[in-house]
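Colleague: I'd like a close look at a single part of this one, with a bit of context around it. Could you walk me through it once the model is up?

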Amino acid sequence: MWHKPQLLNALADLLMLVAAAALLAAGAVWLVRVPSLPVQQVVFVEPLAHTRRGEVEQVLPSALRGNFFSLDLEAVRLALEQLPWVRKVKVRRVWPARLEIAVEEHRPVARWGEGYAEMVNSHGEVFAALLPEAEMAQLPLLAGPSGTAREVLERHVEFTEAFAAVGERPVQVSLSPRLAWQLKLDNGMRVEIGREHPKSPVVDRLQRFVDVYPSMVANLPVRPAVVDLRYPNGFAMKVAGEGKGK
């Protein structure tokens, strides 16, 4: 072998590669374990509207273990996403010693269910958090079986657009366990829409009522307390304390 220069050169190159790899590995271990290079600054990209500083300080320190390189970004993300108002978190390192955190908070668009603890965000997701009572009271009330929040929210948007044409606004929309729709307007009127039917879709029944609302309902001396749209070709109205009439 000693009389074969090409083989010796190849062996030397291999040994140099092994040595370089060992140095890189040792450097990586040193960077991870070295007590220097700590994270010196944690920066939130945008101000937090609902999440309080005290809540962040309660969960974040335990996740900030290690130095700039060894810090577990996933642990930081999971810790912050435990907070009630936090929907999604993105974390990234910024050399040489900064951590940047982008937090997407829930944007409440409605209350959910009978209590005051749960709300629906703009994605149709239910979350539990505290909101001042005055602000909570301004949100519409949605309700339905478990897993239907997105569908109920979408219907609320549809119903709101339909009644905007006659100057009314749904403040409650609910879906019963039997999948029947009901809403309540800001004037106190309850509208029973009923279940979805292929021959008489919910949207058609509602639009039929909205079309005649200005002439048949808005001008009545006493607004009906309940309107029943569960008829294929018409609807019924009931004034408080009186019988029904089509």
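Which residue in strand 3 is the bridge partner of K90?

Modeller: That would be A102. Bear in mind that what we're looking at is a predicted model, so here's the pairing first and the confidence later.

K90 belongs to strand 2, which covers residues 86–94, and A102 belongs to strand 3, residues 98–105. The two strands run antiparallel, with eight bridges joining them. Go along to R93 and you'll find its bridge partner in strand 3 is L99. Together the two strands make a hairpin, and three residues sit between them. As for side chains, in a regular strand they alternate between the two faces of the sheet.

Now zoom out a little. The hairpin is part of an open sheet of three strands, ordered 1-3-2, and the pairing is mixed. Strand 1 (41–44) and strand 2 are the edge strands, each with a single partner strand, so each has one side left without a neighbour in the sheet. From one strand to the next, the twist averages 20 degrees. Helix 3, residues 73–80, packs on this sheet and touches strand 1, strand 2 and strand 3. Its direction makes about 150 degrees with that of strand 2.

How does that fit into the rest? The chain has six helices and 13 strands, and 35% of its 246 residues are buried. If you take contacts between residues at least 6 apart in sequence, 44% of them join residues at least 24 apart. On the outside, the chain exposes about 15300 Å², with carbon and sulfur atoms supplying 57% of that.

For something to set beside the sheet, try helix 5, residues 149–164. Its 16 residues reach 22 Å from first C-alpha to last, close to the 22 Å expected at 1.5 Å a residue. The buried residues of helix 5 include L153, F159 and F163, and R155 and H156 are among them too.

Last, the confidence. Mean pLDDT for the chain is 87, and 82% of the residues reach 70 or more. The stretch to watch is residues 18–32, where pLDDT stays under 50. For those residues the model has five contacts beyond four places in sequence.

Technical notes: Residues are numbered from 1 along each chain as its sequence is written. This is a predicted model: local features need pLDDT of at least 70, side-chain atom pairs count only at pLDDT 80 or more; totals for chains, interfaces and linings use all residues. Side-chain values use heavy atoms; hydrogens and water are left out. Helices (H or I, at least four residues) and strands (E, at least two) are DSSP runs, numbered from the N terminus. The expected span of a helix is 1.5 Å times one less than its number of residues. Buried means under 20% relative accessible area, exposed over 50%, partly exposed in between (1.4 Å probe, protein chains only). Contact means heavy atoms within 4.5 Å. Accessible areas come from the Shrake-Rupley method with a 1.4 Å probe; for residues, only the protein chains shown count as cover. Two strands pair if DSSP finds at least two bridges between them. Axes are lines fitted to C-alpha atoms, for helices over the stretch in contact, and angles run from 0 to 180 degrees between N-to-C directions. pLDDT is the predictor's confidence in each residue, from 0 to 100.
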